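Student: I am new to this structure. Can you show me how to read it, feature by feature?

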Amino acid sequence: MFDSVLKLKTTYSKEVLGMRVTKFLVIIAVLFSFTVMADAGTLEDVKTRGKLNCIVSSGLAGFASPDEKGNWQGFDVDFCRAVAAAVLGSGDKVKFVPTTNKTRFTQLNAGEGDILFRNTTETLSRDADLKLTFLPVNYYDGQGFLIRKSLGVTSATQLAGASVCIQTGTTTELNLADYFRANKMKYEPVNTETNEESIVAYESKRCDVYTTDASALASTRAALKKPSDHVILPEIISKEPLGGAVRHGDDRWADIGKWVVNALIIAEEMGITQKNVKELAKKSGNNPGMNRFLGTEGSMGEMLGLDKKWAVNAISAVGNYGEIFERHLGPKTPLALERGLNASWKAGGILYAAPIR
Ligand SMILES: N[C@@H](CCC(=O)N[C@@H](CS)C(=O)NCC(=O)O)C(=O)O
């Protein structure tokens, strides 16, 4: 090394050498800043800001909508609150960023939100082309049809020639085209940008039928003037695994989102609830898995770059997955949805989170 420096000294004048060193340092600095950018530091940004910016929908009762006092409520909202609680210690430290289907990914990629929970289906193109990292599925859904009973239609196969309300920028419009093509039927699309617009169009009979995720249809039907005049057809024409998402390029942040979702699911499996979590976390018990979860043993929080009470804080803020579901979507809510596929694998569903160990 010293030899080569000597050789450089003899070959180049001090000025040329100086320029080369400067150039070299600039390149190193640029490469370093790219590495930092690729590693994004969302966790640090959120901690410095003291708030999580969470991208949600513009309003879908049960999933994300502001109540009469302007407080956001819903299933997706609680996932935002759980992440905020795990990272910042309080489920209230969230700024909700309402988006349409069309703008949600651009807004996430532009940094207007740190994370997205917005009735969003994981697909290959959204991952590989739009560069989103999906978190574990938090609602297994599928696309259905809502129609006025008076039309006498009992199956989606009778929808040839129908006018169909759909929202742009969704998997819904792509599935609809596939379904009608495969069944050699024609339809007339009536495009809208939000659920609210779709409801107006549907109620004013600008479309015969409204299609979207079955969970959103349950929410929409409950919001209609006379829900019992409308029926959801039996066909489910697609798979819609709904989940949170973050931008590509920040693995640490993606890990945090992923393990918070897993923690909510695992808490239900373990019988850890919003009510008992603080008591359970007071001391180490003789269930090692529970101890790891509660942070009374091991260093799971530390590995994520979080406090050891990260999972306790998340559950204290919103409860476990089952509690969130019951509160916003379950049989006692206007949506009246059954757990179905979204039951824990221990109760006949397919919710199955990777272990915290
Ligand atoms: N899961 C599908 C469909 C999403 C979707 O259409 N969501 C509607 C359901 S009605 C929504 O969230 N609307 C609320 C809004 O308009 O802001 C996707 O990811 O493309």
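Tutor: Start with a helix pair in this predicted model. Look at helix H4 (residues 75-88) and helix H14 (residues 310-318).

Student: At what angle do H4 and H14 pack?

Tutor: Read a pair by its angle and by the distance between the axes. Here the angle is about 145 degrees, and the axes lie 7 Å apart. The crossing of H4 past H14 is right-handed.

Student: Which residues make the contact?

Tutor: H4 brings Asp 78, Arg 81, Ala 82, Ala 85 and Ala 86. On the H14 side, the residues include Trp 310, Asn 313 and Val 318. By class, the contact of H4 with H14 has eight nonpolar, two polar and two charged residues.

Student: Now the ligand. Which residues come nearest?

Tutor: The ligand has 20 residues around it. Ser 57, Ser 58, Thr 170, Thr 194 and Ala 216 come nearest. Helix H7 (171-182), strand S10 (209-213) and strand S12 (240-247) each give two or more residues to this shell. The shell counts 15 polar, three nonpolar and two charged residues.

Student: Why does the ligand lie between the domains?

Tutor: Check which domains supply the shell. Domain 1 (42-141 + 241-347) and domain 2 (143-238) both give residues, so the ligand lies between them.

Student: Where does pLDDT stay under 50?

Tutor: Take the chain first. Its mean pLDDT is 91, and 89% of the residues reach 70 or more. Residues 1-17 stay under 50, with two contacts beyond four places in sequence. Residues 24-39 also stay under 50, with three such contacts.

Key
Residues are numbered from 1 along each chain as its sequence is written. This is a predicted model: local features need pLDDT of at least 70, side-chain atom pairs count only at pLDDT 80 or more; totals for chains, interfaces and linings use all residues. A residue is near a molecule or strand if its C-beta atom, placed from the backbone, lies within 6 Å of it. Helices (H or I, at least four residues) and strands (E, at least two) are DSSP runs, numbered from the N terminus. Ala, Val, Leu, Ile, Met, Phe, Trp, Tyr, Cys and Pro count as nonpolar, Asp, Glu, Lys and Arg as charged, and the others, Gly among them, as polar. Domain bounds come from an automatic or database domain assignment. pLDDT is the predictor's confidence in each residue, from 0 to 100. Two residues are in contact if their C-beta atoms, placed from the backbone, lie within 7 Å. Axes are lines fitted to C-alpha atoms, for helices over the stretch in contact, and angles run from 0 to 180 degrees between N-to-C directions. A crossing is left-handed if the near helix is turned anticlockwise from the far one by less than a right angle, and right-handed if clockwise.
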